[in-house]
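Student: I would like a close look at a single part of this model. Please keep it brisk and stay with what the coordinates support.

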Amino acid sequence: MSDDLMQVELVAADRLVWSGEAKMVIARTTEGDVGILPNHAPMLSTMVHGIVDVTTSDNETWIAAVDAGFLSVANNRISILSEHAEMSHEIDLEKARHDLERAQAAGENDDEARDAVRRAESRIRAVEKAG
């Protein structure tokens, strides 16, 4: 791997979602969106529900919807760990919209419903951004 690339692994609790070389990664953390380029300073950050945007070594863009989790950067290696993560092409947009409606109807005062709303919104944004 050259100095102008990073090794990226996006891992969900049940599987390796994506792995490969990248030129850039953008993810949402508790501090806001962070862009990571090769030779980035080491960091460990907490991620929030959102999308991860990866620009590969071939200039392809891969978008994934992720739950809250962790982002680790060191020595041109990025590890993104999330309980749930899906690549945009794996997401059924109509099902995600239906899940959002159902979660919104469940009520805002329920932590589980709020998490379901955030997860559905992230899934919808991932598909729309990739489309």
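How many Å should the 20 residues of H2 span at 1.5 Å a residue, and how far apart are its end C-alpha atoms?

Tutor: This is a predicted model, so read every value below as computed from it. Take the span first. At 1.5 Å a residue, the 20 residues of H2 should cover 28 Å. The end C-alpha atoms of H2 are 29 Å apart, which agrees.

Next, the residues that H2 hides. Ala113, Val117, Ala120, Ser122, Arg123, Ile124, Ala126 and Val127 are buried in H2. That list includes Ser122 and Arg123 alongside Ala113 and Val117. What covers them? The cover includes strand E5 (50–56), strand E6 (61–66), strand E9 (85–87) and H1.

Now turn to H1, one of those neighbours. Helix H1 runs over residues 93–106. Its 14 residues should span 20 Å at 1.5 Å a residue. The end C-alpha atoms of H1 are 20 Å apart, so the helix agrees with the expected span. Ala96, Asp99, Leu100 and Ala103 are the buried residues of H1. These residues cover an arc of only 105 degrees around the axis, which puts them on the same side of H1. A general point on helices helps here. An α-helix has 3.6 residues a turn, so residues three or four places apart point the same way. The buried residues of H1 pack against helix H2 (111–130). Glu94, Glu101 and Ala105 are exposed on the other side of H1.

The start of H1 has a cap. Aspartate 92 caps the N-terminal end of H1. A side-chain oxygen of aspartate 92 lies 3.1 Å from the backbone nitrogen of glutamate 94. Glutamate 94 is also among the exposed residues of H1.

Two more residues of H1 deserve a look. Alanine 106 lies in helix H1. Alanine 106 counts as exposed because its relative accessibility is 51%, and the cut-off is over 50%. The C-alpha atoms of alanine 106 and valine 117 are separated by 9.5 Å, and the two are eleven residues apart along the chain. Valine 117 is one of the buried residues of H2. Glutamine 104 also lies in helix H1. At 46% relative accessibility, glutamine 104 counts as partly exposed. The C-alpha atoms of glutamine 104 and glutamine 7 are separated by 37 Å. Along the chain, glutamine 104 and glutamine 7 are 97 residues apart.

Go back to strand E5, part of the cover over H2. Threonine 56 is found in strand E5. Threonine 56 has 4% relative accessibility, so it counts as buried. Leaving out residues up to four places away in sequence, threonine 56 touches Trp18, Glu21, Ala22, Lys23 and Trp62. The loop between E5 and E6 holds asparagine 59. Asparagine 59 is not a glycine, yet its phi is positive, at about 65 degrees. At 54% relative accessibility, asparagine 59 counts as exposed.

Another loop offers a second case of positive phi. Asparagine 39 is found in the loop between strand E3 (32–36) and strand E4 (43–47). Phi of asparagine 39 is near 65 degrees, a positive value in a residue other than glycine. Asparagine 39 counts as exposed, with 55% relative accessibility.

Strand E2 (residues 15–29) holds threonine 29. Its relative accessibility is 6%, so threonine 29 counts as buried. A polar atom of the threonine 29 side chain lies 2.8 Å from the backbone oxygen of glycine 32. Threonine 29 touches Val34, Ser45, Thr46, Met47, Val48 and Leu71, not counting residues up to four places away in sequence.

Finally, set H2 in the whole. The protein has two helices and nine strands. Along the sequence, the pattern is β-β-β-β-β-β-β-β-β-α-α. The radius of gyration is 15 Å, close to the 14 Å that the globule rule gives for 131 residues, so the protein is as compact as a globular protein of that length. The C-alpha trace spans about 50 × 25 × 25 Å along its principal axes. Of the 131 residues, 40% are buried. Among contacts with a separation of 6 or more, 54% join residues 24 or more positions apart. The protein exposes about 7300 Å², and carbon and sulfur atoms supply 48% of that area.

Notes: Residues numbered from 1 in each chain as written. Predicted model: local features only at pLDDT ≥ 70, side-chain atom pairs only at ≥ 80, totals over all residues. Heavy atoms only, no water. Helix = DSSP H or I, 4+ residues; strand = E, 2+ residues; numbered from the N terminus. Expected span 1.5 Å × (residues − 1). Buried < 20%, exposed > 50% of the residue type's maximum accessible area, 1.4 Å probe, protein only. Arc of directions from axis to C-beta. Contact = heavy atoms within 4.5 Å. Polar contact = N/O pair within 3.5 Å; in protein donor to acceptor, adjacent residues only side chain to side chain. Rg over C-alpha atoms; globule rule 2.2 N^0.38 Å. Areas by Shrake-Rupley, 256 points an atom, 1.4 Å probe, with all protein chains shown as cover.
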